[in-house]
Amino acid sequence: MIKNYLKIAIRQLRKHKLYAAIKIGGFSFGIAACLLIALYIKFELSYDRSYPDGDRIYRVVQYYTGNGKLQQGLSFPAPTGKVIKADFPEVEKSGRLMTSPLFWGAGSNELRRGDQVQNTFEEGFGYVDQDVLDILQLPMVYGSNKNALAAPRSMLISKRKADKYFPGQNPVGKVMYLNDDKTQPYTVGGVMQNIPQNSHLRSLDFLLTLTGKELWQGEQTQWGAWNYTSYIKLRQGTDPKQFGKKLTTDLLHNYIIPDMKRGGNVGAEKMEKQMWLELQPVADINLKSYNIGDFTTYGDIRFIWLFGAVAIFILTIACINFINLSTARSANRAKEVGLRKVVGSQRSSLISQFLTESLIYSIISFIAGVIIAWLLLPYFNTLSARELTVPWFSWWFLPSLLLSAVIVGVVAGLYPAFYLSSFNPVQVLKGSISSGSKSSGLRNGLVVFQFAVSVILIISTIVISNQMQFILNCKVGFDKDQVLLVQGTNTLSDNNVKALKNELSKLSIVKSVSISDYLPITGTKRNGNTFFLEGRNKVDRGVGAQFWQIDDTYLKTLGIKLLAGRNFSYATISTDEKAVIINQSMAKKLNMKNPVGKRITNGDTFTIIGLVEDFNYDSMRDEVGPLALHFGLSTSVVSVKIAGSNAKNAIEEITKTWKSFSPDQPIRFSFMDEQFANMYADVQRTSHIFTTFSVLAIVIACLGLFALSTFMAEQRRREIGIRKVLGASIQSITTMLSFSFVKLVIIAIIIASPIAWWGMNRWLQDFAYRAPIDWWIFMLAACLAILVAILTVAFQSVKAAMMNPVKSLKSE
């Protein structure tokens with residue numbers, strides 16, 4: 001019996017090649033999209049699950065509601081680690097991580113072996129306690145993770161960096177220099193296996209010890225500076241939620257709040273009520289930290305749900321094609337069903353026959369879908385910025401595919417099987433079924449659903465692309481064009497950096513040069529401080545602000561507008577060392593209408609000499625915050641404003657000048673506008689992914705629409721013949737056939753538009769500065785959907801309208 005089912009199914013597939021190609025094509029592309037998204041979701045869910053005892057490892061997160069909205073942070077004072085370990089018997093281990101590029105050694109450095117002279121730029125440096133190694137138990141290649149960072153000025157490097165600097169050697173005990181600083185030699189204490197890509201620590205290749213390290217004198221005992229992330233490992237049986245409450249009470253009441261009160265901070269009492277601590281499981285860090293600022297980029301659990309929904313919708317569209325095409329062809333198979341019932345076939349055997357056909361289509365589609373997914377995987381990896389692979393040899397992969405093929409085949413074939421097997425043989429053999437197959441409420445509803453999903457994706461794509469263009473082209477308060485950033489200049493002495501600036505300023509192709517690594521792009525230094533009006537620190541609540549070091553040409557180089565007062569000057573350096581320039585947001589927060597001449601304090605007291613226009617120094621997801629600029633040198637980046645558009649000549653001249661100062665260190669540079677665009681790489685990726693899936697969804701929907709229009713034209717050939725005999729024109733018949741489908745697309749647009757508006761409006765809430773969702777977006781999406789639908793059905797409509805009526809009526 002099964003052999004007979006298979007034979008009939010294969011015969012049907014060969015007989016109706018176009019029908020089979022559309023079914024399999026739509027199915028396979030839908031399956032390929034689902035498989036790619038499934039690989040992405042699986043990878044995202046696999047983050048930080050390789051640590052031994054990972055279910056007992058947590059990161060401490062602070063929550064604060066002081067400014068009317070919930071904020072989350074990871075930074076804690078230096079003594080926090082020791083206090084947690086000493087005060088809480090529930091904690092087995094406690095350690096700290098610090099990756100802020102504000103402090104020497106963290107972030108990026110120029111690195112070299114102790115026995116070589118040429119520096120190489122490296123990223124991925126962080127300071128950690130030895131206890132962090134004990135908590136995470138990172139696998140080692142050389143040395144032991146029990147003592148690799150136990151000695152002062154020791155460092156742990158990854159295997160790939162060990163192979164780069166010490167090929168074929170055991171580097172333990174070797175000396176390395178950071179930023180050419182021979183006063184602080186670092187000794188390699190061990191080599192760890194490369195941290196896997198599915199770890200939130202994946203960007204770290206160099207771990208510097210915190211043993212014996214002070215960022216400044218007395219820093220390790222101070223509660224006022226918050227720079228460290230705390231990791232803990234709980235003892236078996238400890239409830240993390242209850243422990244989080246206990247941790248909040250102890251740290252705040254016994255340490256943090258008392259320290260704030262001793263400093264005269266009037267916000268201490270309110271902070272006690274507005275701040276609490278929670279433990280974040282290490283396995284949750286990647287997907288549930290998207291609103292926490294940190295040294296790495298995280299995934300987003302919302303995108304996991306979104307991409308999962310997109311995968312389901314695309315597969316549903318492909319299944320709808322199968323259902324629609326199967327029911328649309330009911331008249332073609334009605335006589336087959338009638339005759340088989342007359343000769344004794346049971347309905348159950350007919351259902352089995354149609355389900356067998358569905359399963360064959362599904363299995364073939366899955367095979368084709370897996371091949372398509374494999375071919376498209378490099379493109380998808382580029383889109384998603386991941387390194388996904390098809391797990392061909394995993395024990396679960398092939399069984400999962402087979403099970404999925406069976407489930408999808410049965411689900412897609414169930415309704416057509418029951419529908420086709422329900423025909424009454426008497427009605428079938430009288431020919432009354434064909435007239436009833438011309439339209440179907442369910443079939444029309446499914447077409448509407450297909451195009452509604454497609455329109456939602458089209459609108460989403462346009463909105464995301466529009467927001468990206470808005471970000472890149474809106475006024476941000478500084479001039480990011482033609483600014484070349486020379487990086488790694490901190491390997492020069494301060495005097496040599498100043499000399500480099502002077503030499504670059506002499507070049508005819510250079511407008512202006514500035515020394516500062518505090519820049520309005522990510523990856524540069526940040527320094528949060530709390531400011532008060534002079535004499536008000538025990539009366540008012542402090543204003544949190546960024547505190548940046550800049551030189552006298554910073555404003556000119558970046559085109560930042562000075563609204564009042566004056567710029568810094570070397571002519572008045574003796575007084576300007578205790579002067580600041582603030583932005584409008586800072587003035588507003590401090591309730592100052594005319595701030596020039598006023599004095600503010602953050603422990604040191606500064607005179608305000610200037611007011612600058614607000615500029616977006618962080619992501620446009622956030623409003624511009626308070627900022628204070630003070631005079632000083634922070635030398636790891638030199639910004640060069642190029643005159644004219646001949647960047648190639650400028651780079652050659654700047655490189656030549658650089659080599660005269662540092663012949664053993666290759667120049668590193670980038671352009672500020674490119675760095676600014678890279679801040680929104682996630683938005684660009686989202687835009688590209690939505691564009692890809694929008695095109696895929698509408699192609700699959702159009703495949704079904706094309707086949708459906710083909711069969712509808714076939715079913716209505718007698719009607720078309722009669723209309724032509726009665727004088728109907730080709731245009732009127734084409735319009736009649738096309739409009740029945742265009743009507744469904746218009747209904748889909750009406751349904752999809754408010755859903756898309758709601759979803760995209762929610763997405764845009766993440767941006768403080770956003771482009772409006774204008775009417776033209778919906779009009780453009782509607783026009784695209786209608787145009788695609790018309791083009792899809794036009795060929796069959798025109799073909800049917802031009803058919804000779806004699807051929808369609810000769811049997812009547």
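Two residues are in contact when heavy atoms of one lie within 4.5 Å of heavy atoms of the other. The exercises below concern a predicted model.

**Exercise 1. Surroundings of a serine**

Determine which residues Ser158 touches, leaving out those up to four places away in sequence, and state where Ser158 lies.

*Solution.* Step 1: locate the residue. Ser158 belongs to strand β8, which covers residues 154-158. Step 2: apply the contact criterion. Beyond its sequence neighbours, Ser158 touches Val191, Met192, Asn194 and Asp205. Step 3: classify the accessibility. A residue is buried when its relative accessible area is under 20%. Ser158 has a value of 0%, and therefore it is buried.

**Exercise 2. The chain as a whole**

Describe the protein chain by its secondary structure, its extent and its surface.

*Solution.* Step 1: secondary structure. The chain contains 25 helices and 24 strands. Step 2: extent. The C-alpha trace spans about 105 × 60 × 55 Å along its principal axes. Step 3: burial and surface. Of the 812 residues, 52% count as buried. The exposed area is about 36700 Å², and carbon and sulfur atoms supply 57% of it. Step 4: contact range. Among contacts between residues at least 6 apart in sequence, 80% join residues at least 24 apart.

**Exercise 3. Strand pairing around β6**

Establish which strands pair with β6, and in which sense, parallel or antiparallel.

*Solution.* Step 1: begin with β4. This strand and β6 (residues 120-128) pair in the antiparallel sense over 2 bridges. Within this pairing, Met98 has Tyr127 of β6 as its bridge partner. Step 2: turn to β5. Strand β5 (residues 107-113) pairs with β6 in the antiparallel sense over 5 bridges, and Gly107 stands opposite Phe125. The strands β5 and β6 form a hairpin, with 6 residues between them. Step 3: examine β11. Strand β11 (residues 206-209) pairs with β6 in the parallel sense over 4 bridges. Here the bridge partner of Val128 is Thr209.

**Exercise 4. Salt bridges between distant parts of the chain**

The structure holds 30 salt bridges. For the bridge of Lys233 with Glu92, that of Asp479 with Lys641 and that of Asp618 with Arg526, place each partner in the chain and classify its accessibility.

*Solution.* Side chains of opposite charge can pair when their charged atoms come close. The criterion for a salt bridge is a nitrogen to oxygen distance within 4 Å.

Step 1: Lys233 and Glu92. Their closest N and O atoms are 3.7 Å apart. Lys233 is in strand β12 (residues 226-234) and Glu92 in strand β4 (residues 91-98), 141 residues apart. Lys233 is at 4% relative accessibility and so counts as buried, whereas Glu92, at 27%, counts as partly exposed.

Step 2: Asp479 and Lys641. The closest N and O atoms of this pair are 2.6 Å apart. Asp479 occupies the loop between α14 (441-473) and β14 (483-487), while Lys641 is in strand β23 (residues 637-642), and the two are 162 residues apart. Asp479 counts as partly exposed at 30% relative accessibility; Lys641 counts as buried at 9%.

Step 3: Asp618 and Arg526. Their side chains meet at 3.2 Å, N to O. Both partners are in loops: Asp618 between β21 (605-612) and β22 (627-631), and Arg526 between β15 (510-515) and β16 (528-533), 92 residues apart. Asp618 is partly exposed at 31%, and Arg526 counts as buried at 19%.

Step 4: look for shared partners. Salt bridges that share partners join Asp53, Arg56, Glu92 and Lys233 into one network.

**Exercise 5. Nonpolar residues inside and outside**

Characterise the largest nonpolar core, then examine a nonpolar patch on the surface.

*Solution.* In soluble globular proteins, nonpolar side chains tend to be buried together.

Step 1: the core. The largest nonpolar core has 145 residues, and Met155, Phe451, Phe676 and Phe693 have the most contacts inside it. Helix α2 (residues 17-45) supplies the largest share of this core, 16 residues.

Step 2: one core residue. Beyond its neighbours within four places in sequence, Phe676 has contacts that include Ile471, Leu472, Val476, Phe478 and Met620.

Step 3: a further core. A second, separate core of 25 residues includes Tyr51, Leu97, Leu138 and Leu201.

Step 4: the surface. A nonpolar patch of about 890 Å² is made by Ile363, Ile367, Ile371, Trp374, Leu375, Leu376, Trp392 and Phe393. Leu375 is found in helix α10 (residues 347-384). Its relative accessible area is 57%, so Leu375 is exposed.

Technical notes. Residues numbered from 1 in each chain as written. Predicted model: local features only at pLDDT ≥ 70, side-chain atom pairs only at ≥ 80, totals over all residues. Heavy atoms only, no water. Patch = residues over 30% accessible without salt bridge, like charges linked within 9 Å, V, L, I, M, F, W, Y side chains within 5 Å. Areas by Shrake-Rupley, 256 points an atom, 1.4 Å probe, with all protein chains shown as cover. Buried < 20%, exposed > 50% of the residue type's maximum accessible area, 1.4 Å probe, protein only. Core = buried A, V, L, I, M, F, W, Y, C linked by side-chain atoms within 4.5 Å. Pairing = 2+ DSSP bridges.
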